[in-house]
Amino acid sequence: MKQKRFDLAGFAGRYKLPLLLVLLAALAAVPFLGLSSYVVRVFCMVFTYSILTISLNFVTGYLGATSMGHASLYCVGAYVGALAATRAGCNIWVSLVLAVLVGCLAGGLLGVCTIKLSGSYMTVTTLAFAQVVTMVAKNWTSVTNGTLGIKDIPKARLLGAELTVRNGGMYFVGLGLLILCLLFSSMVIRSKYGRAFIAVRDDELGARMMGLKTRNYRLLGTVISGALAGLAGCYYAYLTGYIDPVTFSFDISMTILTMAILGGLASLPGSIAGAAILTVFPELLRSLDVYRYLFFGFILVIMMRLRPQGILGSVKAARYTLPKGVLRPAAAMEQGKEGT
Amino acid sequence: MLSQQIFNGLILGCIYALLAVGYSLVFGILRLLNMSHGAVYTAGAFMGLLGASYLHMGAVPTILFAMLLTGAVNVCINRAVLQPLREQGAANITMLISVTGVSYIIQNTLMLVFGSQKLPFPKVFDFGSFRVGGVLVTSIQVMIVLVTVVLLGALGLITKHTRTGLAMRCISQNPKASNMVGIDVRWIISFTFIVSGICAAIAGYMVSGYYQLVYFTMGTTAGLKAFAAAVLGGIGILSGSVVGGILIGLCEALATVVFGGEYSEATAYVILFLVLLIKPSGLFGKDDVDEKV
């Protein structure tokens with residue numbers, strides 16, 4: 001007997017187009033509702049984190065390598081954007097392009113460092129990478145202005161008009177970037193590259209046997225991830241007008257990872273849902289500020305217990321069962337625990 | 001000056017080693033990165049504070065008290081959070097996120113109970129200091145080295161020469177087969193968590209006695225560095241973790257002398273980077289660690 005459950009992902013899949021249009025219309029209307037600029041700013045942060053979560057999903061969701069240092073790529077993007085604006089006088093669009101390019105490079109560097117590694121080793125290397133990036137940002141004072149951070153990043157402009165949170169300009173920039181990211185990501189994921197990523201995640205050896213150059217794909221995944229994170233970082237720099245190394249701490253890396261998992265790994269709508277929940281929820285809890293991270297912890301624990309695949313992640317794929325008597329070590333482990 | 005720094009680095013390394021062993025123990029048996037270990041270490045330090053400052057216990061009862069409570073906390077994490085997940089057959093990453101959640105819970109509970117400011121910790125094992133060839137050695141430093149050596153020695157004996165240790169090694173190889181030959185897998189896993197909690201409590205107590213400070217975020221960086229140390233030595237391998245911990249402590253102290261304090265923070269990670277580039281499975285790690293996190 002199979003219990004019938006409401007499958008959110010299935011429901012969303014069936015009514016995709018109307019749902020999307022309604023959502024878009026609703027989102028486009030938000031700045032005109034007369035909400036306070038604080039609320040609009042929260043929306044902007046949701047866009048930033050959504051892009052970051054999508055970008056992390058390329059590494060963690062589609063390539064299956066847990067990254068605990070994603071804030072590093074975010075940091076690189078933010079600094080590139082901020083420096084391009086304050087030192088070179090670039091406008092936001094040029095900065096964004098620069099941030100994406102440098103983000104690619106940073107992602108590629110991380111990819112080269114981790115290409116031989118797997119599992120925990122890969123995870124801890126991403127963590128180490130992030131710590132090194134933070135150290136550089138803190139101590140390379142002549143460029144990054146050290147712990148004081150970069151102040152007075154000019155406002156974004158479009159056709160002479162200033163784009164701010166208050167007039168909704170930054171909101172639309174963020175929304176536009178997010179939509180661009182979504183389009184790009186879904187295109188990549190449905191292409192042969194996306195399928196190759198998933199093959200590498202599910203069985204790297206098998207993928208290699210099928211003739212995939214798995215290392216190239218892993219590198220490509222981190223490069224894409226770096227590009228998107230760079231984009232988010234640059235947008236963030238223009239949004240707040242001030243960045244410092246503390247903004248891109250380990251906690252941010254973990255928050256992004258948690259968003260990806262909460263929403264559902266390897267799911268683009270899930271990324272957005274995860275980012276939205278974990279950005280909005282702490283804001284709602286602001287009055288209970290001291291309890292904020294306590295709640296955060298409980299959400300993680302309870303969520304993992306009740307719905308480990310994430311809110312929008314579906315458990316569609318039946319697990320491949322090995323022939324009788326053959327057990328993967330991990331499976332053997334689980335069964336061992338069940339038997340006790 | 002240099003020899004003093006190296007000695008200080010050695011002391012720091014001992015602490016990292018104690019913490020790294022905690023990561024390695026749990027990883028060896030569950031293939032799980034126990035991200036809550038840093039928070040458990042903080043909990044150990046606060047339990048020490050509770051015993052020493054609030055309940056006015058002596059040094060030895062305080063340590064025992066901290067060990068007991070911290071071990072209990074760790075068992076609770078295992079029983080309440082991880083065991084149900086294992087029985088569901090949850091993926092490794094699910095457990096990873098769960099323990100991260102647990103670490104937030106522990107840290108913030110401590111913050112709510114004890115406050116977010118840095119609290120003074122009483123001096124422990126203060127019998128004065130002496131000099132050995134220009135190196136100033138305090139009694140707490142001697143104690144740290146002694147306790148580390150004794151504890152790690154005991155741990156080595158337990159894992160290599162007792163039935164429990166044999167069972168632990170069995171489970172790390174094949175839990176199902178271990179269960180079939182009559183090993184109480186649940187108990188052994190709980191035992192592993194108790195031991196790792198005890199190590200964390202002792203490390204926490206020693207560090208807070210050394211710096212005479214406790215604060216609720218003290219476990220974050222220390223935990224991450226110890227984690228790096230464990231991976232550096234080859235995670236899951238106890239001797240590797242010890243070497244990794246001491247190596248990182250020493251390098252950090254040397255980096256402080258050569259590059260200045262602000263760069264020493266990232267030394268652990270830079271070394272880790274370099275080692276993993278050359279030997280992807282860590283210094284003493286085996287290449288066939290079959291695990292997906």
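Biologist: Among contacts in chain B between residues at least 6 apart in sequence, what share join residues at least 24 apart?
Modeller: In this predicted model, 75% of those chain B contacts join residues at least 24 apart.

Biologist: How many helices and strands does chain B have?
Modeller: Chain B contains 12 helices and 4 strands. Its radius of gyration is 19 Å, close to the 19 Å that the globule rule gives for 293 residues, so chain B is as compact as a globular protein of that length.

Biologist: What does the C-alpha trace of chain B span along its principal axes?
Modeller: The span is about 55 × 50 × 35 Å. Of the 293 residues in chain B, 56% are buried.

Biologist: Turning to the cores, which residues have the most contacts inside the largest nonpolar core?
Modeller: They are A:Leu231, B:Ala228 and B:Leu272, in a core of 203 residues. As general background, nonpolar side chains tend to be buried together in soluble globular proteins.

Biologist: What is B:Ala228 in contact with, leaving aside its neighbours within four places in sequence?
Modeller: On the chain A side, B:Ala228 is in contact with A:Val124 and A:Ala128. Within chain B, its partners are Ile248, Ala268, Tyr269 and Leu272.

Biologist: How many residues does each chain bring to the contact between A and B?
Modeller: Chain A brings 43 residues and chain B brings 50 residues. On the chain A side, the elements giving two or more residues are helices H6 (119–139), H12 (250–263), H14 (292–306) and H15 (329–339).

Biologist: Which of them gives the most?
Modeller: That is H6 of chain A, with 13 residues. By residue type, the side of chain A that touches chain B divides into 23 nonpolar, 14 polar and 6 charged.

Biologist: A different topic: what is the phi of A:Ala266?
Modeller: A:Ala266 has a positive phi of about 55°, although it is not a glycine. For context, most residues other than glycine have a negative phi.

Biologist: Where is A:Ala266, and is that residue buried or exposed?
Modeller: A:Ala266 lies in the loop between H12 and helix H13 (268–284) of chain A. A:Ala266 counts as buried because 22 other C-beta atoms lie within 10 Å, and the cut-off for buried is 20 or more.

Biologist: And what about the phi of B:Gln212?
Modeller: B:Gln212 also has a positive phi, near 55°, and is a residue other than glycine. Its place is in the loop between helix H8 (185–211) and strand E4 (213–214) of chain B. B:Gln212 has 15 C-beta neighbours inside 10 Å, so it counts as partly exposed.

Note on methods:
Residues numbered from 1 in each chain as written. Chains lettered and ligands numbered in written order. Predicted model: local features only at pLDDT ≥ 70, side-chain atom pairs only at ≥ 80, totals over all residues. Contact = placed C-beta atoms within 7 Å. Nonpolar A, V, L, I, M, F, W, Y, C, P; charged D, E, K, R; others polar. Core = buried A, V, L, I, M, F, W, Y, C linked by C-beta atoms within 7 Å. Buried ≥ 20, exposed ≤ 12 C-beta atoms within 10 Å, placed from the backbone. Rg over C-alpha atoms; globule rule 2.2 N^0.38 Å.
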